[in-house]
Amino acid sequence: MKKLSCVILALALVLSLAACGSGSPSASPASPPAADKTSGAYALSDLYESNKDEAEKSITGKVIEITGTVEKVSGSVVYLDRESTMGYIVCNMHKDSADYSGLQKGDTAVIVGTVTGETGHINVKDCFYITD
């Protein structure tokens with residue numbers, strides 16, 4: 001019985017140490033990917049307006065750095081103005097992005113993300129707000 005108690009105690013100690021982790025640092029937050037292309041929000045919008053099929057072929061799936069004027073922020077989405085076109089550039093922000101909650105209508109923002117296409121709005125996913 002005493003031997004069984006020692007085994008159980010040793011097992012509990014091993015499990016407790018395992019639950020504490022290896023002591024290695026946790027993974028650092030994701031950082032913005034390198035942009036394949038840089039564009040102003042209006043230029044990106046013009047590209048889609050002038051030839052949507054060509055824009056879809058050349059931009060969809062690419063990481064783009066977009067500089068634009070904030071229309072609004074709602075939850076984890078930043079909406080950039082498209083100037084002469086209805087709709088927005090809809091930037092779905094990455095959970096590890098720099099804090100963008102202070103952005104307000106009219107602010108200029110630089111955002112890096114992957115363009116997923118245009119469906120009335122130009123959609124961009126995994127976006128990072130660039131503060132520098």
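Q: Let's start with charges. Which residues are linked in a network of salt bridges?
A: Lys52, Arg82 and Glu118 are the ones joined in that network. Keep in mind that you're looking at a predicted model.

Q: How many salt bridges does the structure hold?
A: It holds four. To read one, look for a Lys or Arg side-chain nitrogen within 4 Å of an Asp or Glu carboxyl oxygen. Let's go through some of them, beginning with the network.

Q: How far apart are the closest N and O atoms of Lys52 and Glu118?
A: They're 3.1 Å apart, and the two residues form a salt bridge. Lys52 belongs to helix α3 (residues 52-59) and Glu118 to strand β5 (residues 108-118), so this pair ties together parts that are 66 residues apart in sequence.

Q: And what about Arg82 and Glu118, how far apart are their closest N and O atoms?
A: Here the gap is 3.4 Å, and again the pair forms a salt bridge. Arg82 is found in the loop between β3 (77-81) and β4, while Glu118 is in strand β5, so parts that are 36 residues apart in sequence get tied together.

Q: Is Arg82 buried or exposed?
A: Buried: its relative accessible area is 2%. The cut-off for that word is under 20%. Glu118 counts as buried too, at 15% relative accessibility. Lys52, on the other hand, is partly exposed, with a relative accessible area of 36%.

Q: Which residue meets Glu71 in a salt bridge?
A: That's Lys105, with 3.2 Å from N to O. This pair also links distant parts of the chain: Glu71 is in strand β2 (residues 63-74), Lys105 is in the loop between β4 (88-93) and β5, and they are 34 residues apart. Lys105 counts as exposed, at 61% relative accessibility.

Q: On to rings. How many aromatic pairs does the count come to?
A: Just one aromatic pair. The ring centres of Tyr79 and Tyr88 are 5.2 Å apart and the ring planes stand at 70°, so you'd call the pair edge-to-face. For that name, the planes need to be over 60 degrees apart. Tyr79 is buried, with a relative accessible area of 18%, whereas Tyr88 is partly exposed at 23%.

Q: What sits over the ring of Tyr79?
A: The charged end of Lys72 does, 4.8 Å from the ring's centre.

Q: How do I read a pair of helices?
A: Two packed helices are described by the angle between their axes and the distance between those axes. Try it on α2 (residues 41-50) and α3: their axes come within 5 Å and cross at roughly 125°. That makes α2 oblique to α3.

Q: Which residues in α2 meet residues in α3?
A: On the α2 side you'll find Leu44, Leu47, Tyr48 and Ser50. They meet Lys52, Ala55, Glu56, Ser58 and Ile59 in α3. You've seen Lys52 before: it forms the salt bridge with Glu118.

Q: One last thing, the backbone. What is phi of Asp126 near?
A: It's near 50°, which is a positive value in a residue other than glycine. Asp126 has its place in strand β6 (residues 122-130). As for its surface, Asp126 is partly exposed, with a relative accessible area of 40%.

Note on methods: Residues are numbered from 1 along each chain as its sequence is written. This is a predicted model: local features need pLDDT of at least 70, side-chain atom pairs count only at pLDDT 80 or more; totals for chains, interfaces and linings use all residues. Side-chain values use heavy atoms; hydrogens and water are left out. Helices (H or I, at least four residues) and strands (E, at least two) are DSSP runs, numbered from the N terminus. Buried means under 20% relative accessible area, exposed over 50%, partly exposed in between (1.4 Å probe, protein chains only). Rings of Phe, Tyr and Trp (its six-membered ring) pair if their centres lie within 6.5 Å; planes under 30 degrees apart count as stacked, over 60 as edge-to-face and the rest as tilted. A charge sits over a ring if NZ of Lys or CZ of Arg is within 6 Å of the ring centre and within 35 degrees of the ring normal. Axes are lines fitted to C-alpha atoms, for helices over the stretch in contact, and angles run from 0 to 180 degrees between N-to-C directions. Angles under 35 degrees count as roughly parallel, over 145 as roughly antiparallel, 65 to 115 as roughly perpendicular and the rest as oblique. Contact means heavy atoms within 4.5 Å.
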